[in-house]
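User: I would like to learn how to read the features of a fold from its coordinates, beginning with the sheet and ending with single residues. Could you take me through one case step by step?

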Amino acid sequence: KAVRQTRTLVIRNFVSEPFLREKEFLVEALLAELRHFAAFNQCERVTTEKLHDNTIHRLLRAAL
């Protein structure tokens with residue numbers, strides 16, 4: 001969701017497949033796309049609310 005008032009792209013819910021092993025590669029690619037999507041929506045920040053995978057959540061939070 002793009003929150004225009006705060007110029008923030010909010011990832012409300014993210015679920016990954018349980019068999020996913022290369023989580024670092026997924027997060028790297030996801031970050032690149034989220035930054036492009038945020039810029040497209042004129043957002044300066046990206047935040048997360050609910051991620052079902054703790055490893056992906058930790059990696060994304062650290063990078064954002």
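Analyst: We will go through the sheet, the helices, the core and a few loop residues in turn, keeping in mind that this is a predicted model.

User: In what order do the strands lie in the sheet, and is the pairing parallel, antiparallel or mixed?

Analyst: The sheet is open and consists of 3 strands in the order E1-E2-E3, with mixed pairing. E1 and E3 stand at the edges with a single partner strand each, so one side of each has no neighbour in the sheet. The mixed character can be followed pair by pair: E1 and E2 are antiparallel over 2 bridges, whereas E2 and E3 are parallel over 4 bridges.

User: Which residues stand opposite one another in these pairs?

Analyst: Threonine 8 of E2 is a convenient place to begin, since valine 3 stands opposite threonine 8, and the bridge partner of threonine 8 in E3 is arginine 45. Further along the parallel pair, leucine 9 stands opposite valine 46 in E3.

User: How are the strands connected, and what is the hand of the β-α-β unit?

Analyst: E1 and E2 form a hairpin with 4 residues between them, while E2, H1 and E3 make a right-handed β-α-β unit.

User: For the faces of a strand, which side chains of E2 and E3 are buried?

Analyst: In E2 both faces are covered, with Thr8 and Val10 buried on one side and Leu9 and Ile11 buried on the other. In E3 the side chains alternate, Val46 and Thr48 pointing to one face and being buried, while Arg45 and Thr47 point to the other face and are not buried.

User: How should I read the sides of a helix?

Analyst: The general idea is that an α-helix has 3.6 residues a turn, so residues three or four places apart point the same way. In this structure the case to look at is H2, residues 54-63, whose buried residues are Ile56, His57 and Leu60. These buried residues are on the same side of H2 because they cover an arc of only 100° around the axis. Asn54, Arg58 and Ala62 are exposed on the other side of H2, and the elements that cover the buried residues include H1 and E3.

User: What should I look for in a nonpolar core?

Analyst: In soluble globular proteins, nonpolar side chains tend to be buried together. Here the largest nonpolar core has 13 residues, and those with the most contacts inside it are Leu9, Ile11, Phe14, Leu34, Val46, Ile56 and Leu60. The elements that give two or more residues to this core are E2, H1 and H2, and H1 gives the most, with 5 residues. Phenylalanine 14 is worth following in detail: beyond its neighbours within four places in sequence, it is in contact with Leu26, Leu30, Lys50, Leu51, His52 and Ile56.

User: What does a positive phi tell me to look at?

Analyst: Most residues other than glycine have a negative phi, and a positive value is therefore a reason to look again at the residue. One case is arginine 7, with phi near 55°, which is found in the loop between strand E1 (2-3) and strand E2 (8-11) and counts as partly exposed at 37% relative accessibility. Another case is glutamine 42, with a positive phi of about 60°, which lies in the loop between H1 and E3 and is exposed, its relative accessible area being 55%.

User: Is asparagine 41 buried or exposed, and what does it touch?

Analyst: Asparagine 41 is found in the loop between helix H1 (23-40) and strand E3 (45-48), and because its relative accessible area is 12%, under the 20% limit, it counts as buried. Its side chain reaches the backbone oxygen of phenylalanine 37 at 2.9 Å, and, not counting residues up to four places away in sequence, asparagine 41 touches Ala2 and Arg4. Asparagine 41 and valine 3 are 38 residues apart in sequence, yet their C-alpha atoms are 9.1 Å apart in space.

Note on methods
Residues numbered from 1 in each chain as written. Predicted model: local features only at pLDDT ≥ 70, side-chain atom pairs only at ≥ 80, totals over all residues. Heavy atoms only, no water. Buried < 20%, exposed > 50% of the residue type's maximum accessible area, 1.4 Å probe, protein only. Polar contact = N/O pair within 3.5 Å; in protein donor to acceptor, adjacent residues only side chain to side chain. Contact = heavy atoms within 4.5 Å. Core = buried A, V, L, I, M, F, W, Y, C linked by side-chain atoms within 4.5 Å. Arc of directions from axis to C-beta. Pairing = 2+ DSSP bridges. Right-handed = clockwise from strand over helix to strand, strands pointing away.
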